[in-house]
Amino acid sequence: MWPNHERVIPQAFVGSGTSVVAARAHSVEPSGNGYLYGYEVDTVDRNGQRATVLTYVDTGGTHDQNSALVTDPSSNDPVSVWAYPNDPGLPVLPQVTYRDAVAELLTTLGMPVTNPVLTVAAYRPGKRAVVRVDAPEGTLFLKVVRPHRVAPIVRTHEQFIAAGLPVPRVLSSRGDGLLVLERIRGVPAGSRITDIADDPRFVASLAALTGRIATVPMTQQARADAMDHADWHRRTLVSALPQDAAQIDELYDAIGRRSIGWTTSDKQVVHGDLHLEQVFVDDAEPWRISGLLDIDTAGWGHPVRDVGAVVAHLVVTGLWHRSRGDAERGAAAERLADAIARDWAKRNPAGAERLGPAIGAQLLAHAGGQATTGSANGIATAEQLLAATRAALAEPDHSLPSDPGARPRSAPRV
């Protein structure tokens, strides 16, 4: 999966006055008809000043004046190389990366701030970025997306607000890809995991939230997810873990067989990328949901899609906490994953058999993200997620083992 870019990256820096010392694989994801490879590149300039630059090699064709077009000597194909924040897919991103530029930008929009402090809250290269702006005047969020996405996102926010959902208001927007969002009340649910893990009121609140989302009068399809991109995720994972190719193929084949009968008549409006960092809760009563973020992905999809994403993300969260020695939070995330899966199966008995494939597809996508880092910890986590996927497909009671890396409690029926 990872090509040899040892000669491509230095070529892109020629003429910049900066030399490449080393590069480490950071991320990989689909881009057009190719891939977008991310690297942490260590550089040194003429004065001996060292820096680490987040650099991307795009084989999918995205290119603009801020990127270098270089010939890959291993394939003789042209590739585009660019450094953050000069993202060709997000042309306004450089304007929201520097404090003075942000202050000037917000003044022109009628929202002046003084001495803003900027924090990058999220970044998906080529797709979106979110920058938090803290100032004495208050907190705002600058969301940067591809320019053609602005109008649909504004409309989606309006539709969700009209349906009574607690999403942030869009305070301003521009056609070049910029949206200014208000701060929503509360804290991310993931930050209160030990408080909500064993509180059935939170599980009920989450079910009520997804029920309300289903009432939003939308017509577009939800953004493609891990199941829609299963072929790409399969190739990525097999390339990163060739020793597990047979097991990976077996798991993906099982998911494919068990989801082939899902029809368009079964769909409803879903969030499309739901997890506990998108859900905000009341700080005093953390079982009570107070906000919902990142509804760009919302639209028509299978009802099991959101719960599958939430449960898979909780499994990954549990592993993350355990790897850092926090067994309490890790166990809490796993208990909450169980509770949400069981509750959904109870509320939707006719679709309960779809839960395993939905969770499994998400877990395998997470496994690919971990494995492609190439680190020992990433590969170990990916291996644990393969075991968790097998457990998700095998568990008739719609729960996962308390330790996702453990052997499934029942015989696999993939």
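Student: How many residues lie between β4 and β5 in the hairpin, and which residue in the turn has a positive phi?

Tutor: In this predicted model, β4 and β5 form a hairpin with four residues between them, and the turn residue with a positive phi, of about 65°, is Asn 76. The two strands, β4 covering residues 68-72 and β5 covering residues 77-83, pair in the antiparallel sense over five bridges, and one place to look is Asp 72, which stands opposite Asp 77 in β5.

Student: Which other strand pairs with β5, and over how many bridges?

Tutor: Strand β3, residues 50-58, also pairs with β5 in the antiparallel sense, over four bridges. To place this pairing on the model, start from Val 57, whose bridge partner in β5 is Val 81. When you follow a strand along its length, keep a general idea in mind: in a regular strand the side chains alternate between the two faces of the sheet.

Student: In what order do the strands of the sheet with β11, β13 and β14 lie, and which are the edge strands?

Tutor: An edge strand is recognised by its pairing on one side only. Here three strands form an open sheet in the order β11-β13-β14, with antiparallel pairing, and the edge strands are β11 (187-188) and β14 (289-292). Strand β13, residues 279-281, is joined to β11 by two bridges, and within that pairing Pro 188 stands opposite Phe 280.

Student: Which helix packs on that sheet, and what angle does its direction make with that of β14?

Tutor: Helix α5, residues 200-213, packs on the sheet and touches β13 and β14; its direction makes about 40° with that of β14.

Student: How should I read the salt bridges, and which residues does Arg 192 meet in them?

Tutor: The useful habit is to ask what each pair connects and how accessible its partners are. The structure holds 22 salt bridges, and Arg 192 takes part in one with Asp 195 and in another with Asp 283, each given as 2.7 Å from N to O. Arg 192 is buried because its relative accessible area of 17% falls under the 20% cut-off, whereas Asp 195, at 39%, counts as partly exposed, as does Asp 283 at 48%.

Student: Why does the pair of Arg 192 and Asp 283 tie together parts that are apart in sequence?

Tutor: Arg 192 lies in the loop between β11 and α4 (193-196), while Asp 283 lies in the loop between β13 and β14, so the pair ties together parts that are 91 residues apart in sequence.

Student: Which helices hold Arg 322 and Glu 334, and are these residues buried or partly exposed?

Tutor: Arg 322 belongs to helix α8, residues 304-323, and Glu 334 to helix α9, residues 327-347, with their positions 12 residues apart in the chain. In their salt bridge the closest N and O atoms are 2.8 Å apart; Arg 322 is partly exposed at 35% relative accessibility, but Glu 334 is buried at 8%. Elsewhere, salt bridges that share partners join Arg 128, Lys 143, Asp 294 and Asp 296 into one network.

Student: How far does α9 reach, and what covers its buried residues?

Tutor: A helix can be judged by comparing its span with the expected one: α9 has 21 residues and reaches 30 Å from its first C-alpha to its last, close to the 30 Å expected. Its buried residues include Glu 334, Leu 336, Asp 338, Ile 340 and Trp 344, and what covers the buried residues of α9 includes α4, α5, α8 and α10 (355-371).

How values were computed: Residues numbered from 1 in each chain as written. Predicted model: local features only at pLDDT ≥ 70, side-chain atom pairs only at ≥ 80, totals over all residues. Heavy atoms only, no water. Pairing = 2+ DSSP bridges. Contact = heavy atoms within 4.5 Å. Axes fitted to C-alpha atoms, helices over the stretch in contact; angles between N-to-C directions. Salt bridge = Lys/Arg side-chain N within 4 Å of Asp/Glu carboxyl O. Buried < 20%, exposed > 50% of the residue type's maximum accessible area, 1.4 Å probe, protein only. Expected span 1.5 Å × (residues − 1).
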